[in-house]
Amino acid sequence: MSSPAEILSQLDISEQEKDKLVGEVIRYILFKTEQNSGCPIKREELTQLITSKGYRQRNLPSYIIIEAKSRLSSIFGYELRELQRSRPSANTGRASQSQQSVGDAKSYIIISQLPSDVYARFVEDKSSSHMSGFTFVVVGIIHLGGGRIDEENLWHHLRRLGLHENEENHPVFSNTKQTLEALVQQRYLQKEKVNGPEGNTVYYELAERALDASINDRIKEYVAQIVQRDAVSLEAD
């Protein structure tokens with residue numbers, strides 16, 4: 001295994017150049033995550049950030065991203081999690097048109113490595129708790145639907161919670177349709193339009209972020225707790 005000095009020599013960059021590139025990648029990840037409400041950052045963006053400085057070494061972006069990942073963990077307490085972009089389910093006998101770009105397969109999100117109680121006390125933004133709740137509800141509904149649900153059926157369930165698709169001035173979410181669309185941009189969901197004999201139908205499906213083990217396992221745990229609590233309530237009645 002090559003030493004750090006040998007790797008830098010092979011890449012033809014100095015220690016100072018490496019540290020500067022790593023710092024710029026970390027700043028980009030942190031600011032972009034905050035600016036775009038946690039939307040995944042495409043690997044292509046990080047690669048372009050590095051190559052735009054005049055570096056053309058083929059393996060350099062991968063090395064810098066690995067170094068940035070290590071420092072994000074050791075200094076900031078964040079895990080840089082790579083997401084593999086999932087594709088919409090195949091629909092046998094029906095033509096489908098994906099509403100997502102499939103040009104870039106890999107993207108990144110950052111996840112806090114702090115204990116949940118410490119994160120809740122010192123880091124968590126309480127003003128965004130409504131979005132966390134909305135995300136849990138929508139992902140939970142689609143999870144219970146087998147991982148995929150048509151748009152009308154999804155809004156049928158959300159209307160039972162007081163959320164209507166045409167509402168633009170909700171006291172908490174403002175435009176509810178845009179709030180749902182934000183989950184597509186954040187890659188909790190993916191959206192697919194299917195052309196069928198009765199016209200076009202839009203489907204929502206769990207995307208890579210909702211399918212990530214750390215989130216998917218929590219959703220299953222919470223849903224199981226709710227079902228168990230409801231069963232106990234029925235038995236008590």
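**Salt bridges and packing in a predicted model**

The side chains of Arg71 and Asp19 form a salt bridge, with N and O 2.7 Å apart. The model discussed here is predicted.

Me: How many residues apart in sequence are Arg71 and Asp19, the pair that ties parts together?
Reply: Arg71 belongs to helix H4 (residues 60-76), whereas Asp19 belongs to helix H2 (residues 15-35). The pair therefore ties together parts of the chain whose separation in sequence is 52 residues.

Me: Which residues are linked with Arg71 and Asp19 in a network of salt bridges?
Reply: In general, side chains of opposite charge can pair when their charged atoms come close. The structure holds 14 salt bridges. Arg71 and Asp19 share a network of salt bridges with Glu15, Lys18 and Glu67.

Me: Is Arg71 buried or partly exposed?
Reply: A residue counts as buried under 20% relative accessible area and as exposed over 50%. Arg71 has a relative accessible area of 23%. Arg71 is therefore partly exposed.

Me: Is Lys32, which meets Glu45 in a salt bridge, buried or partly exposed?
Reply: The side chains of Glu45 and Lys32 meet with N and O 2.5 Å apart. This pair links Glu45 in helix H3 (residues 43-51) with Lys32 in helix H2, 13 residues away. The relative accessibility of Lys32 is 18%, and the limit for a buried residue is under 20%. Lys32 therefore counts as buried.

Me: How many residues apart in sequence are Arg81 and Asp212?
Reply: Arg81 and Asp212 form a salt bridge whose closest N and O atoms are 2.4 Å apart. Arg81 is buried at 17% relative accessible area, and Asp212 is buried at 14%. Arg81 lies in strand E2 (residues 78-84) and Asp212 in the loop between helices H9 (208-211) and H10 (213-236), so the pair ties together parts with a separation in sequence of 131 residues.

Me: Which residues in H8 meet residues of H6?
Reply: The axes of helix H6 (residues 129-144) and helix H8 (residues 176-185) come within 11 Å and cross at roughly 75°. The two helices are therefore roughly perpendicular. Met131, Phe134, Thr135 and Val138 in H6 meet three residues in H8, namely Thr179, Leu180 and Leu183.

Me: What is the area of the nonpolar surface patch that includes Tyr119?
Reply: Tyr119 lies in helix H5 (residues 116-122) and counts as partly exposed at 31% relative accessibility. Leu114, Phe122 and Val123 make the patch together with Tyr119, and its area is about 370 Å².

Key. Residues are numbered from 1 along each chain as its sequence is written. This is a predicted model: local features need pLDDT of at least 70, side-chain atom pairs count only at pLDDT 80 or more; totals for chains, interfaces and linings use all residues. Side-chain values use heavy atoms; hydrogens and water are left out. Patches are made of residues with over 30% relative accessible area and no salt bridge: like charges are joined within 9 Å, nonpolar side chains (Val, Leu, Ile, Met, Phe, Trp, Tyr) within 5 Å. Accessible areas come from the Shrake-Rupley method with a 1.4 Å probe; for residues, only the protein chains shown count as cover. A salt bridge is a side-chain nitrogen of Lys or Arg within 4 Å of a carboxyl oxygen of Asp or Glu. Helices (H or I, at least four residues) and strands (E, at least two) are DSSP runs, numbered from the N terminus. Buried means under 20% relative accessible area, exposed over 50%, partly exposed in between (1.4 Å probe, protein chains only). Axes are lines fitted to C-alpha atoms, for helices over the stretch in contact, and angles run from 0 to 180 degrees between N-to-C directions. Angles under 35 degrees count as roughly parallel, over 145 as roughly antiparallel, 65 to 115 as roughly perpendicular and the rest as oblique. Contact means heavy atoms within 4.5 Å.
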